[in-house]
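This report walks through selected features of the structure shown below. The headings give the order of topics.

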Amino acid sequence: MDQARSTISKIFNGEPHSYTRFNLTQNMEGDSSQVEMKLSSDVDEEVGGNGVGDHLNHNANGRPYMVQKFKRTPQNVCFMAVTGLLVFIIVCLIGYVSYQKRATAPVCAPSVRPFEETVVRETGAAPLMDWDDVKKLLSQRLTASKLNGAFREFSKFSHRAGSLEDEILGDKVFQKFKEFGMKTWTDEHFIRVQDSPVSGFNKVVYKDEPEDHPRGFLSYSRNGSVKGAALYASYGQEGDFRLLRDKNINMSGRVVLVRAGKISFAEKVANAAKMNASAVLIYPDPSESSVGDDTDLYGHVHLGSGDPYTPGFPSFNHTQFPPVESSGLPQIVAQTITQGTAKRILRQLGGQNLPEGWGGFNKLGNEDDSITVEVNNVLTEKKINNVFGVIKGFVDADRYVVLGAQRDSWGPGFAASTVGTSVLVELARSISDMVKNDGFKPRRSIVFASWSAGEYGSVGATEWLEGYLASLSMKAFTYINLDGIVTGRNGFKVAASPLLHTLIKTTLSEVTNKGTSLSSQFAKSGWETNILEPMQLDNTAYPFVAFSGIPSVSFRFTSGSSDYQYFGTMLDTQDKLNAATSSQVPELAETAGRFAGQMVLRLVHDHLLPMDLMKYNEIIRSNVVKINAKVKQVQRMQPELLPKALTVQWLIRASGSYSRASRNLAKDIQNSDLEDIEMCRIINDRIMTVERNFLSPYISPRETPFRHILMGSGTHTLRALTNHLDALKADNPEADGNLFLNQLALTTWTIQGCANSLAGDIWALDNEI
């Protein structure tokens, strides 16, 4: 109304019309632009002039051209009155329409509420395609026949990291990304790895029997020769060794035999080292694997990821660092043996009977069952290349989701790397075509990454994270892993950051396999119970979330209860995978690609990142309840170890602070004008801080790289607090009450710090501690 009065006043008073100046200024935070509109009166104030006439050409009378005198005849007055009335009506209509637009401002895509319930509307920054149309386009472009062709193109019998074959495959991926019109680049690293002896061999000798010279090996084992009594320890899990300790079995100096499975090779060796064992032999269990008696097993035993000789920093050739080793390198000898060698040794063992469920052999081994293990692995330097392509976003181009797949393998590696690389390339092609030909405009960018040296412990991916951690911390908001996505057909498993659980649940219900949604086919009584699984240390997604604080997800079709048998062997071929999937590899890869693709597209399509902040609230609260109960038990059973005055009230308050900060962000979303691009960006940045702020700032990333207090590993985690309380309750000599108090305080403040960051402005902090 004020604008209407002003306009009418200007007309009747004969004031000059204002002109509009448009100033296009580049948004330095992204590729979007903002339009600055200034009226002439504003410009006058900027230059200090006295009116429009001071900086426009003047007519002969020294008046602006737009100002003309007229006679006040009845006809002119009537004409001006009618004109003014029309202008008044038009301005009122414009004001009403603008008000209605503001009243129906879109609630973008929610983050703390289930986003599938919200109608998503355009902001005008980038044309927003209907989500059903986006899904349909992806299904049309990503097909089983295209993937089958990619399998043929990216299959090789051998492509170990740093080899010529690995380089050739990397060049193929690079050229494909260029063909799709993507911005491409490579990242070169010089890494040190252990390979099997070039001359000579590793050996295993049981008693006085002939030497066995296995071709398989475990990279990063300690070299040397040891001799000790054999001891069978099932899968080599912490619980297995506790059971042996409860049987009063002396494990010091023993050569431990463990079967593959359940946990990583590195964890098996680390657990044995804690028991003072001298060596570990790992074999494929004949009751679970049909690889045959003579199939060699390959792997690594670094309890970490990346190059263990540059822990915490990147292996760039031009960077000079003093000699240093990862704390995750084992201090004992480790070697793989074939199924045939394992059966020959295990059948001859004496000693105590096996605990129930420990396999098909009878005895644990005694002091007379001596084994000699000699490892002569060679430390070598290799050049590896990570290959990248990016589809840039139209609004927040400097925010991106990363989609990655391992390119190398010990042998053929069809399930380990070929399927994932093929899906990666085909998704890049499909989404590029959607952008170029179908009018899809992603708000944020998508980075496609082909990693090398994955078989040595996610080396390529971790070196990239270490090299660009500062750049990635508030730029990359999700990582989606494509390694090993097809290993069977009867089950479906997902490991992910809790922030992504709602997105995963929705995608499971939208993606179909043989006409049935993945949720209906595999979730059964509950998707969290039947589909979710913990993220393992040897998963490439793990360093993204636990080292870098980037929400991550990894998934796979499985064979149901049993794992795929051929990882880490030369039998990981297309024929073996066809046998495990009833020759449905292309169709299953298509479904897996659509599952990954729809998560990617949803993350770059919606205005707000679809992340469930309240999921972590549930996890934190459940851990706090456990810790509180165990503290009271220790105070009752071992009062000298923890002071009676100790409570977990601070931890409870920190948990409450996080809960309130999550709810307050939901209110901020509801009360904000989310048509405002910058407002959406601010809210998304607050969401992105959550995972990163769960990284403990009180420990060294070099000594303890996986700093996440909920998904990481080390004494700083909530799980470690619970275990420490169990040790205190049992009066374990390794338990330390003062150390526990220190861990409790630092963990409490890490949670409080995350809540503070999520709260936003400093005056909004809820710092009850």
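## Asp-398 and its strand

Asp-398 lies in strand β13, which spans residues 396–406, and in this predicted model the residue is buried, with a relative accessible area of 16%. The burial of Asp-398 fits its surroundings: 11 of the 11 residues of β13 are buried, so the strand is largely enclosed by the rest of the structure.

Strand β13 pairs with strand β14, residues 444–451, in the parallel sense and over eight bridges. Within that pairing, Val-402 stands opposite Val-447 of β14. Asp-398 and Ile-446 are separated by 48 residues in sequence, while their C-alpha atoms are 10.0 Å apart in space.

## The salt-bridge network around Asp-398

Which residues meet the side chain of Asp-398 in salt bridges? One is its sequence neighbour Arg-399, with an N to O distance of 3.0 Å, and Arg-399 counts as buried because its relative accessibility is 7%, under the 20% limit. Another is Lys-475, which meets the side chain of Asp-398 at 3.3 Å, again taken from N to O. Lys-475 lies in the loop between α12 (469–472) and β15 (476–481), whereas Asp-398 belongs to β13, so this pair ties together parts of the chain that are 77 residues apart in sequence.

In contrast to the buried Asp-398, Lys-475 counts as partly exposed, at 27% relative accessibility. These contacts belong to a wider arrangement, in which salt bridges that share partners join Asp-396, Asp-398, Arg-399, Lys-475, Arg-681 and Asp-685 into one network.

## A salt bridge between two loops

The count of salt bridges in the model comes to 34. One of them brings together the side chains of Arg-254 and Glu-367, with an N to O distance of 3.7 Å. This pair links distant parts of the chain, 113 residues apart: Arg-254 sits in the loop between α7 (238–246) and β7 (255–259), and Glu-367 in the loop between α9 (339–346) and β11 (370–375).

Is each partner of this bridge buried or exposed? Arg-254 is buried, since its relative accessible area is 4% and therefore under the 20% cut-off, whereas Glu-367, with 55%, is over the 50% cut-off and so counts as exposed. As a general point, side chains of opposite charge can pair when their charged atoms come close.

## Strand β6 and its partners

Strand β6, residues 224–232, runs antiparallel to β11, and six bridges join the two strands. In this pairing Lys-227 stands opposite Thr-372 of β11.

Strand β6 is also joined to β7, here in the parallel sense and by three bridges. Leu-231 is the residue that stands opposite Val-256 in β7. The two partners of β6 are also the strands that bound the loops described above, with Arg-254 placed in the loop that leads from α7 to β7 and Glu-367 in the loop that leads from α9 to β11.

## Positive phi angles in two loops

Most residues other than glycine have a negative phi, and most peptide bonds are trans. Against that background, which loop holds Lys-262? This residue, whose phi is near 70° and hence positive although it is not glycine, is found in the loop between β7 and α8 (265–274). Lys-262 counts as exposed, at 55% relative accessibility.

Asp-731 likewise has a positive phi, near 55°, in a residue other than glycine. The place of Asp-731 is the loop between α22 (718–729) and α23 (737–759), and at 46% relative accessibility the residue counts as partly exposed, because this value lies between the limits of 20% and 50%.

## A patch of negative charge

On the surface, Asp-673, Glu-675, Asp-676 and Glu-678 gather in a patch of negative charge. Of these residues, Asp-673 is located in the loop between α20 (649–670) and α21 (677–693). Asp-673 counts as partly exposed, with a relative accessibility of 42%, and so this value passes the requirement of over 30% relative accessible area that applies to residues in such a patch.

Conventions: Residues numbered from 1 in each chain as written. Predicted model: local features only at pLDDT ≥ 70, side-chain atom pairs only at ≥ 80, totals over all residues. Heavy atoms only, no water. Patch = residues over 30% accessible without salt bridge, like charges linked within 9 Å, V, L, I, M, F, W, Y side chains within 5 Å. Areas by Shrake-Rupley, 256 points an atom, 1.4 Å probe, with all protein chains shown as cover. Salt bridge = Lys/Arg side-chain N within 4 Å of Asp/Glu carboxyl O. Lys, Arg positive; Asp, Glu negative; His and termini not counted. Charge placed at Lys NZ, Arg CZ, Asp CG, Glu CD. Helix = DSSP H or I, 4+ residues; strand = E, 2+ residues; numbered from the N terminus. Buried < 20%, exposed > 50% of the residue type's maximum accessible area, 1.4 Å probe, protein only. Pairing = 2+ DSSP bridges.
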